[in-house]
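Colleague: Could you take me through one part of this model closely, with the cut-offs spelled out as you go? I would like to look at a paired region of strands and then at what surrounds it.

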Amino acid sequence: MRLWEAVVLALRTLRVQKLKSFFSLIGVLIGVTFLIAVVSIVQGMNRYMVDRFANTLVGANTFQLRQRPYITTGNVTEETWRAWQRRPRISYDDADYVRRRIKTPATFAKFCEDRVAVHYGTKVAKDIDLAGTEETYFNIKNYEITAGRAFTSQEVRTGLPVLVIGQEVAEKLLAGVDPIGKQVIIGGLPYRVIGVVARQGTLFGISLDKFAIMPFSAQGRRLICPLNILDALIVQTADPAHMLTAQAETEALMRSRRQLKPWQENNFAFQTAEGALGSWQKISRVLFIALPGLVAISLVVGGIVIMNIMLMAVSERTREIGIRKALGARRRDILAQFVVESATLSAVGALFGIGLGIVLAFVVKSVTPLPAAVAPWSIVVAVVLGVTVGIAAGVYPASRASRLDPIAALRAE
């Protein structure tokens, strides 16, 4: 029997015996659905964590020189936390020392931040992330200014009270009016709005547009960090290789400046996108390690069900097998017929599982903050698994069918 004829016969059996076929497919369908859905969600999370989480919070090809890590992964003991608190803060002089001596081409921005309330007339926007920084910060964060402009280096040097705000702040305080040139109050001090940043969207359902940015030298710095103290020096390079070089140079310069001995640990920290992703990468690895075992359980169950269904098919079609053998069918023809039929059943289950898995992944994406991205390799793996399970499950029933005595088979009722 030709391969295509065996496939057509298997599909005809599926159509005629719908309920039995459904139960024979359900194990493979569940296993493949789980595989596609989990891989899609994990792949989506990987992209989301890199593109949105790490690059939004830290920046691409960027590291931050800090007193202690800004984003911590895993459990931090109380002793470690206290040790971090005892470290000296990053000062303006530290930042200038590194900036003057680092040899790798890079963009620098001094940075402080805290949460404050912003007032405009009788309106108040609470819990706004106020950042004090330099004009280079807008390029490092790749912010697009949709209205007005960013502040200049001259405004940073003179400490002018100017402000660039996020979309949510503009909509809450200045809805219906042109925000450019309007005066808002922060900590009792007046600030002139000179720009609005394009909408940044959300991160895990949390708005990224509730912020205001001022020159770090403006008077409002007393609200976010003490005089001559920074939360971080942000350093961005052209590519990852230069970033690693610049980070190594910064480490050497800071150790020299703080006169640390070779056996002493750093009393400062670096925050990078890779460091921010540490916890998620561990979770992702655990999921991918556990996934094959979980899928295998469903596929083994599905294979057993298919084997039982095929054994029933052999019993039901004993007379048909006898007729085919009497007409000249060889043992390998009978063997091929039932193996192909079993593989086709399993493959159809895998195809339904792929579709259901993709639908499930995007349902999760639509009703939760979790993203989803279908990995092409997971579809290929699902099809291969489906066919493999079908072949493995069909070998024994096919072997029994091929060994039937044609005379005894013809006598079967």
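Modeller: Happy to; here is a walk from strand β4 outwards.

First the ground rules: this is a predicted model, in which local features need pLDDT of at least 70, side-chain atom pairs count only at pLDDT 80 or more, and totals for chains, interfaces and linings use all residues. Residues are numbered from 1 along each chain as its sequence is written, and side-chain values use heavy atoms, with hydrogens and water left out.

For the setting, the protein has 14 helices and 14 strands. These elements are DSSP runs numbered from the N terminus, with helices being H or I of at least four residues and strands E of at least two. Of the 413 residues, 48% are buried; here buried means under 20% relative accessible area, exposed means over 50%, and partly exposed lies in between, with a 1.4 Å probe and protein chains only. A contact means heavy atoms within 4.5 Å. Among contacts with a separation of 6 or more, 78% are between residues 24 or more positions apart.

Now to strand β4, which covers residues 123-133. β3 and β4 run antiparallel and are joined by 9 bridges; two strands count as paired if DSSP finds at least two bridges between them. Within this pairing, V116 has I128 in β4 as its bridge partner. The two strands make a hairpin with 2 residues between them, and G121 in the turn has a positive phi of about 60 degrees. β4 also pairs with strand β11 (residues 211-215), this time in the parallel sense over 5 bridges. There, D129 has F211 in β11 as its bridge partner.

One residue of β4 deserves a pause. D127 lies in this strand, and its phi is near 60 degrees, a positive value in a residue other than glycine. As background, most residues other than glycine have a negative phi. A second case is N228, whose phi is near 70 degrees; N228 sits in the loop between β11 and β12 and is partly exposed at 29% relative accessibility.

D127 also forms a salt bridge with R115, the closest N and O atoms being 3.8 Å apart. The term salt bridge is used for a side-chain nitrogen of Lys or Arg within 4 Å of a carboxyl oxygen of Asp or Glu. R115 belongs to β3 and D127 to β4, so the pair ties together parts that are 12 residues apart in sequence. D127 counts as partly exposed, at 41% relative accessibility.

By this rule there are 9 salt bridges. Another one joins the side chains of D94 and R258, at 3.2 Å from N to O. That pair links distant parts of the chain, 164 residues apart: D94 is in helix α4, while R258 is in the loop between α8 and β14 (269-272). Both ends are buried, D94 with a relative accessible area of 5% and R258 with 16%. A third bridge brings together R149 and E155 at 2.8 Å, N to O; R149 is partly exposed at 34%, whereas E155 is buried at 7%. Shared partners also join D94, R257 and R258 into one network of salt bridges.

Helix α4 (residues 92-101) brings us back to β3. Its buried residues are Y92, D94, A95, Y97 and V98, and they pack against several elements, including β3 (107-120), β1 (62-66) and α8 (240-257).

Finally, the nonpolar core. This term stands for a set of buried Ala, Val, Leu, Ile, Met, Phe, Trp, Tyr and Cys residues joined through side-chain atoms within 4.5 Å. The largest one has 59 residues, and those with the most contacts inside it are L65, L130, F151, L163, I165 and I213. β3 supplies the largest share of this core, 6 residues. A second, separate core of 20 residues includes M310, V348, A350 and A375. Returning to F151, its contacts include T133, F138, V164, I213 and P215, leaving out residues up to four places away in sequence.
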